[in-house]
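User: Please take me through this structure. I would like to hear the reasoning behind each label.

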Amino acid sequence: MAYRFPALTSEQKKELSEIAQRIVAHGKGILAADESVGTMGNRLQRIKVENTEENRRQFREILFTVDTSINQSIGGVILFHETLYQKDSQGKLFRNILKEKGIVVGIKLDQGGAPLAGTNKETTIQGLDGLSERCAQYKRDGADFGKWRAVLRIDNQCPSSLAIQENANALARYASICQQNGLVPIVEPEVIPDGDHDLEHCQYVTEKVLAAVYKALNDHHVYLEGTLLKPNMVTAGHACTKKYTPEQVAMATVTALHRTVPAAVPGICFLSGGMSEEDATLNLNAINLCPLPKPWKLSFSYGRALQASALAAWGGKAANKKATQEAFMKRAVANCQAAQGQYVHTGSSGTTSTQSLFTACYTY
Ligand SMILES: O=P(O)(O)OC[C@@]1(O)O[C@H](CO)[C@@H](O)[C@@H]1O
């Protein structure tokens with residue numbers, strides 16, 4: 001087996017690894033503002049705001065026009081297709097507002113789940129058809145990284161080896177196509193927290209899933225230095241009666257990563273998976289303090305855990321802009337500190353920040 005057909009030139013590799021490193025430099029993480037129209041509808045419904053394009057635009061304008069110092073905590077923002085082409089009230093494209101702040105623009109590329117027949121309601125993710133053309137267009141339109149979320153569930157016979165293999169292969173194919181088009185792929189195999197399983201079982205499954213993903217990435221000649229991983233933290237199932245400390249979550253999480261994720265990967269940016277804002281921050285802090293070797297940056301790519309307080313503060317009213325931006329900034333700074341193991345819980349967090357953000361079967 002000779003190395004005859006290099007997948008990328010050295011210039012392409014350099015560009016990809018520089019983008020990946022910029023996103024996770026100095027404790028920075030990612031704002032996952034890539035909720036699809038339907039998912040955003042669920043968020044807006046909670047605060048009794050109608051799910052219109054204008055309301056989605058207004059909330060995102062408030063987030064993206066926050067003070068420039070946000071660039072100390074947020075290195076990248078993932079957008080949904082609609083948002084990449086939206087403008088602020090002065091007519092300026094959101095993507096240019098972000099870039100001027102030094103923030104890298106990303107784009108959600110997966111297109112939802114499709115059932116895997118003969119399994120216990122497991123899925124694979126669609127979006128590979130035409131992906132290369134979409135990536136090329138998004139790169140021209142200012143995106144420098146992509147995201148693809150695969151969903152694995154712990155249940156009777158789940159995840160099956162079919163679901164693990166199929167989703168690993170789709171993630172690797174997506175990652176390869178992204179890199180060919182100059183986009184850093186965020187590889188997101190999420191083991192969702194539904195179920196009553198304990199911490200040990202989640203660790204076992206997470207290790208199996210990540211091992212399959214890295215085998216597939218290698219098979220597809222993906223350049224690991226130009227990727228980021230977005231995994232679940234290892235936690236007990238949402239319905240598990242036994243509770244675990246952040247230190248226990250951290251030890252299980254870093255052990256699983258240490259066993260499966262090559263040191264060539266520059267950063268691991270966790271999803272928040274329905275944890276409360278405060279739990280997501282405390283767990284990330286404990287992960288960074290965990291006394292195991294950690295050759296990668298360990299940071300965040302939170303959707304709900306960066307936006308829940310901000311959404312609640314906004315409530316659909318322009319007059320609440322300042323409070324909304326303060327709430328967003330507070331979580332961003334806290335997570336940046338946690339990504340360096342420097343977060344100190346003051347006990348003065350608002351009620352929203354401690355509320356669970358869990359949604360059953362979060363598969364959309
Ligand atoms: O779990 P979280 O941190 O809320 O969101 C993680 C995430 O991958 O899942 C959502 C649904 O695809 C995306 O909006 C987001 O990027």
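**Pockets, ligand and backbone**

User: What kinds of residue make up the lining of the largest pocket?

Analyst: The lining divides into 14 nonpolar, 14 polar and 4 charged residues. Keep in mind that this is a predicted model.

User: What makes a residue part of that lining?

Analyst: A lining residue has an atom within 4 Å of a point of the pocket. For the largest pocket, 32 residues pass. Thr 235, Ala 236, Met 275, Asp 279 and Asn 283 lie nearest its centre. The space comes to about 560 Å³.

User: Which helices and strands each supply at least two residues of that lining?

Analyst: They are β7 (184-191), α8 (199-219), α9 (246-260) and α10 (277-289).

User: What does the second largest pocket look like in numbers?

Analyst: About 470 Å³ of space lies in it. Its lining has 18 residues, with Tyr 3, Ala 7, Asn 218, His 221 and Val 222 nearest the centre. The split is 13 nonpolar, 2 polar and 3 charged. Helix α8 gives the most to this lining, with 3 residues.

User: How do you know what span to expect for α8?

Analyst: Take 1.5 Å times one less than the number of residues. Helix α8 has 21 residues, and the expected span is 30 Å. From first C-alpha to last, α8 reaches 30 Å, close to that expectation. After α8 comes His 221, with a positive phi near 60 degrees.

User: Why is a space called a cavity and not a pocket?

Analyst: A 1.4 Å probe fits in a cavity but cannot get out, whereas a pocket is open. Here the count comes to 3 cavities of 30 Å³ or more. The largest cavity has a volume of about 50 Å³. Two elements, α3 (53-64) and β2 (74-79), give two or more residues to its lining.

User: Which classes of residue line the largest cavity?

Analyst: There are 10 nonpolar residues, no polar ones and 1 charged. Lys counts as charged, and Lys 101 is among the lining residues. So Lys 101 is the charged one. Leu 31, Phe 64 and Ile 103 are also in the lining.

User: What makes a residue count as being around the ligand?

Analyst: One of its heavy atoms must lie within 4 Å. There are 16 such residues, and Asp 34, Glu 188, Ser 272, Gly 273 and Arg 304 come nearest.

User: Why is the pair between Glu 188 and the ligand called a polar contact?

Analyst: The cut-off is 3.5 Å between N or O atoms. A polar side-chain atom of Glu 188 lies 2.8 Å from a ligand oxygen atom, so the pair qualifies. Arg 304 also passes, with a polar side-chain atom 2.7 Å from an oxygen atom of the ligand. Gly 303 uses a polar backbone atom, 2.8 Å from a ligand oxygen.

User: What is the peptide bond from Cys 158 to Pro 159, cis or trans?

Analyst: It is cis, with omega near -5 degrees. Most peptide bonds are trans. Pro 159 is found in the loop between β6 (145-152) and α7 (161-180).

User: What is the sign of phi at Lys 121, positive or negative?

Analyst: Phi of Lys 121 is positive, near 55 degrees. Most residues other than glycine have a negative phi. Lys 121 sits in the loop between β4 (113-115) and β5 (123-125).

User: How confident is the predictor?

Analyst: The mean pLDDT of the chain is 96, on a scale from 0 to 100. In 98% of residues pLDDT reaches 70 or more. For the complex, the predictor gives an ipTM of 0.92 and a pTM of 0.96.

Note on methods
Residues are numbered from 1 along each chain as its sequence is written. This is a predicted model: local features need pLDDT of at least 70, side-chain atom pairs count only at pLDDT 80 or more; totals for chains, interfaces and linings use all residues. Side-chain values use heavy atoms; hydrogens and water are left out. On a 1 Å grid over the protein atoms alone, a cavity is a set of points where a 1.4 Å probe fits but cannot get out, and a pocket is an open set with protein on both sides within 12 Å along at least five of seven lines; lining residues have an atom within 4 Å of a point. Grid points are joined across faces, edges and corners, and a volume is the space filled by probe spheres set on the points. Helices (H or I, at least four residues) and strands (E, at least two) are DSSP runs, numbered from the N terminus. A polar contact is a pair of N or O atoms within 3.5 Å; within protein, one must be able to donate a hydrogen and the other to accept it, and residues adjacent in sequence count only if both atoms are side-chain atoms.
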